[in-house]
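User: Hey, got a minute to walk me through this one? I'd like to get a feel for how it's put together.
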There are 2 protein chains.
Amino acid sequence: MENSSMPSVPSKELVRRAENVRLAATGLWQSSNQHRCSALNGMAEALTSNFKKIVDANSEDLDRSASEGLAPALMARLKLNEVKLEDAIEGLRKVAQLPDPLGLRQVHRELDKGLVLERKTVPLGVLGVIFEARPDAVIQIASLAIRSGNGAILKGGSEAAHTNQVIINALKDGLSAADVDPNAIDLLTTREESMALLRLDGIVDLIIPRGSNSLVRFIQDNTRIPVLGHADGICHLYIDAAADLRQALDIAIDSKTQYPAACNAIETLLLHKDIASSFLSKAIPLFEEAGVTLLGDDVCQSYGITNAATEQDWSTEYLDLILSVRVVTDMGKALEHIRQYGSRHTEAIVTDNQEVADIFLNAVDSAGVYHNCSTRFADGFRYGFGAEVGISTQTLPPRGPVGLEGLVTYRYHLRGDGHIAANYASGNKIFSHNDLPL
Amino acid sequence: MENSSMPSVPSKELVRRAENVRLAATGLWQSSNQHRCSALNGMAEALTSNFKKIVDANSEDLDRSASEGLAPALMARLKLNEVKLEDAIEGLRKVAQLPDPLGLRQVHRELDKGLVLERKTVPLGVLGVIFEARPDAVIQIASLAIRSGNGAILKGGSEAAHTNQVIINALKDGLSAADVDPNAIDLLTTREESMALLRLDGIVDLIIPRGSNSLVRFIQDNTRIPVLGHADGICHLYIDAAADLRQALDIAIDSKTQYPAACNAIETLLLHKDIASSFLSKAIPLFEEAGVTLLGDDVCQSYGITNAATEQDWSTEYLDLILSVRVVTDMGKALEHIRQYGSRHTEAIVTDNQEVADIFLNAVDSAGVYHNCSTRFADGFRYGFGAEVGISTQTLPPRGPVGLEGLVTYRYHLRGDGHIAANYASGNKIFSHNDLPL
């Protein structure tokens with residue numbers, strides 16, 4: 001997608017469809033928690049009723065894609081067999097059981113007698129979701145959107161077009177059965193529409209890309225709508241001089257190898273000069289055993305790493321069993337390296353020196369900064385959010401792993417009894433600003 | 001500014017300066033609340049020491065601008081006399097007294113024994129502030145930035161160049177005296193630099209425009225950095241059939257006339273058909289007395305409004321003593337009108353019917369939705385935030401009037417004792433997700 005031209009102007013037809021999603025979402029905002037939960041259960045039931053139809057549609061997509069020579073990794077993601085579909089339906093029912101993210105009171109303040117301010121969580125409005133291959137993502141995203149009272153416009157990969165359409169039809173049936181306007185979710189099918197989706201600011205409130213780094217970067221570069229997600233995940237692990245060697249080895253191996261394709265796996269290991277030699281003498285055989293190729297700076301090479309890391313390596317997200325390693329003279333240099341090459345995703349330090357750990361945790365400006373544990377914990381489920389919408393490396397909230405909280409915003413309600421500002425401007429009345437119980 | 005070409009690529013010199021601001025901000029993050037407060041007091045003292053120098057510099061700017069024929073309204077905003085400067089210094093000392101927005105714990109959760117997650121508020125990093133004329137804005141913004149641990153790159157109007165430079169020099173002296181790196185604030189002087197500022201994503205975390213709607217819109221359209229603020233403020237007041245006529249009149253007059261140039265003043269009045277005639281018979285003379293020109297639809301004209309409102313009027317932010325008025329057959333039509341023409345800033349309903357009020361408050365998707373009070377309360381000071389950074393009409397938080405809270409984000413800290421993800425993936429260990437006291 002990254003070589004495409006600028007997004008096209010949305011057609012009148014697309015704008016009309018998007019406005020219908022927004023209108024349906026307006027109804028959803030005002031629905032009760034129970035209503036939204038029964039909508040999710042309706043969606044689960046409709047998927048169950050259409051189980052065979054969905055699996056069959058997926059077989060067709062798989063056959064066509066195979067004949068078109070789709071890469072094996074994408075074929076695997078495209079495949080929605082019975083087990084995966086059952087899991088997706090189970091996941092949908094679990095989202096129904098999550099606490100309601102709406103209507104949470106964040107501010108409750110008497111501005112003056114009879115003039116009360118409230119701030120409550122409300123849905124964002126309409127989500128635009130662009131994803132590659134995986135048709136189970138349609139089910140997951142639709143469930144998170146409806147749970148949080150949002151409408152969703154989805155655009156899946158063309159290789160999954162048939163599967164996605166059958167799923168969306170079932171989900172719409174489920175919504176209708178639960179008395180929710182089925183327009184709350186819509187599926188775009190053409191590439192042109194997905195480009196135009198990026199131009200629907202004012203109708204679409206948040207874009208969620210699910211796919212490769214290049215897809216995310218393309219979207220970030222071509223829309224004014226806020227994008228939830230991250231392009232790069234260049235995570236660092238710094239082993240301090242005062243690290244427990246056993247912990248350092250365990251955490252380094254886990255952070256790199258537990259699932260190297262994940263954005264929260266480390267790409268660079270920074271070693272304090274005083275521990276580098278003893279650490280590497282144990283780590284090199286362990287990494288070798290785990291199939292990891294190590295690339296080192298000059299000092300690392302003098303300690304036994306055979307491949308050289310180039311300047312380019314410090315900025316590379318391998319997403320693979322490759323790890324660049326650098327020796328630093330002190331923590332200041334480690335912080336400098338992270339500032340220069342990091343992507344503000346997740347970094348960790350291993351040290352038994354509490355003071356050094358605290359400095360690191362305060363100085364590193366990433367969504368997650370860890371002490372004596374693996375970077376692989378950077379995940380919404382592991383954080384206890386129940387669902388993960390994505391991991392954001394933007395500075396503004398929501399930041400880091402994002403649960404349903406990322407799909408809501410807030411609104412201020414002010415209730416008075418004929419209160420006017422002139423009385424306060426003149427000094428006739430003064431504000432009390434008295435906080436009330438939340 | 002709106003007719004300019006695309007923002008220029010930042011020069012190496014500008015990038016270097018911005019990186020210095022970022023580096024200084026990194027020090028500021030890690031400073032204590034007390035340290036930041038003493039920095040503000042140092043800034044206040046340095047302004048006091050340079051009082052005459054600042055006023056003199058402003059006189060020079062005024063003389064030059066007068067000879068260049070600057071518009072009277074801008075001349076008034078440019079003027080920084082002794083009273084205004086004293087007020088600005090007083091305001092700076094007040095910001096020092098606001099509660100610390102940093103280090104607030106929002107999440108505290110044991111993921112498993114010895115593995116504890118915390119989410120705490122931290123500064124955004126570097127603010128880019130672009131404003132017109134008013135040199136006192138430099139003082140206000142610098143104080144809010146330092147209070148919240150952020151660096152700031154400021155760009156003022158060229159008409160105030162001399163005043164701004166003398167102020168910035170004094171503020172930097174104040175920072176140095178309080179042992180804070182004076183690079184934490186920097187002043188851009190050329191127009192080219194201010195355009196290039198919009199391209200500093202990765203170094204600048206938030207752009208705050210202070211100026212005309214067209215300035216804000218230009219900035220929103222020409223940067224990938226999040227922008228805090230709003231272009232239009234097209235606020236609506238809807239008078240329901242069940243409104244108390246006295247309250248409706250008071251609130252309508254206040255919402256329009258208490259300060260018509262403000263973004264939270266109403267531009268359109270929507271009247272339920274059953275109350276339109278009786279309301280207008282009283283309102284027309286009152287608005288006339290207040291100097292307000294009313295523009296009405298056909299029905300309003302039959303009730304005595306003499307000027308016609310055109311389609312264009314519903315989308316116009318007058319910021320002046322002009323009000324468009326429309327009669328609607330029911331609240332649904334009022335909601336539809338607001339959806340179509342509103343800017344999601346602030347809307348209000350006047351009604352004694354609680355049920356109708358609740359529907360309105362839930363259905364309108366604006367940052368503020370009010371019942372029986374003036375839209376003019378949409379303001380950070382009136383909400384009790386102590387300071388106002390701006391009013392945002394973006395959907396994502398921060399939304400509505402924004403205090404210091406808009407200048408902070410959060411970061412996750414995870415502290416373990418050698419915890420690795422593989423143990424949880426294998427099922428050897430399970431997460432407890434046990435919330436701890438905040």
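User: Which way does β16(A) pair with strand β13 of chain B, and over how many bridges?

Analyst: β16(A) pairs with β13(B), residues 368-373, in the parallel sense, over five bridges. Keep in mind that this is a predicted model.

User: OK. And what stands opposite Arg415(A) over there?

Analyst: That's His371(B), which sits in β13(B).

User: What order do the strands come in within the sheet?

Analyst: Eleven strands make up an open sheet, and the order is β10(A)-β9(A)-β11(A)-β8(A)-β7(A)-β12(A)-β13(A)-β16(B)-β2(B)-β1(B)-β17(B). The pairing is mixed.

User: Which strands stand at the edges?

Analyst: β10 of chain A (307-308) and β17 of chain B (434-435). Each has a single partner strand, so one side of each is left without a neighbour in the sheet.

User: How do β12 and β13 of chain A pair?

Analyst: β12(A), residues 346-350, and β13(A) run parallel, with four bridges between them. One residue pair to look at: Ala348(A) has Tyr370(A) in β13(A) as its bridge partner.

User: Which strands does helix α13 of chain A touch?

Analyst: α13(A), residues 331-341, packs on the sheet and touches β7, β8, β11 and β12 of chain A. Its direction makes about 140° with that of β11(A). There's also α11(A), residues 273-289, which lies across β7, β8, β9 and β11 of chain A and runs at about 140° to β8(A).

User: Switching to the interface. How many residues does each chain put into the contact?

Analyst: 56 residues from chain A and 56 residues from chain B. On chain A's side, the elements that each supply at least two residues include α1 (12-29), α10 (245-257) and β16 (408-419). β16(A) gives the most, with eleven residues.

User: And what's the mix by class on that side?

Analyst: The side of chain A that touches chain B has 26 nonpolar, 19 polar and eleven charged residues.

User: What turn lays chain A on chain B?

Analyst: A turn of 180°, with a shift of 0.0 Å along the axis and an RMSD of 0.0 Å. That is the relation of a two-fold axis. Also, 100% of the interface residues of chain A are interface residues in chain B too, so the copies meet through the same surface.

User: Last one: what domains does the assignment give for chain A?

Analyst: The domain assignment gives domain 1 (12-221) and domain 2 (235-377). Taken over C-alpha atoms, 37 Å separate the centres of those domains of chain A.

Technical notes. Residues are numbered from 1 along each chain as its sequence is written. Chains are lettered from A and ligands numbered from 1 in the order in which they are written. This is a predicted model: local features need pLDDT of at least 70, side-chain atom pairs count only at pLDDT 80 or more; totals for chains, interfaces and linings use all residues. Two residues are in contact if their C-beta atoms, placed from the backbone, lie within 7 Å. Ala, Val, Leu, Ile, Met, Phe, Trp, Tyr, Cys and Pro count as nonpolar, Asp, Glu, Lys and Arg as charged, and the others, Gly among them, as polar. Two strands pair if DSSP finds at least two bridges between them. Axes are lines fitted to C-alpha atoms, for helices over the stretch in contact, and angles run from 0 to 180 degrees between N-to-C directions. Copies are superposed by least squares on the C-alpha atoms of residues with pLDDT of at least 70 in both. Domain bounds come from an automatic or database domain assignment.
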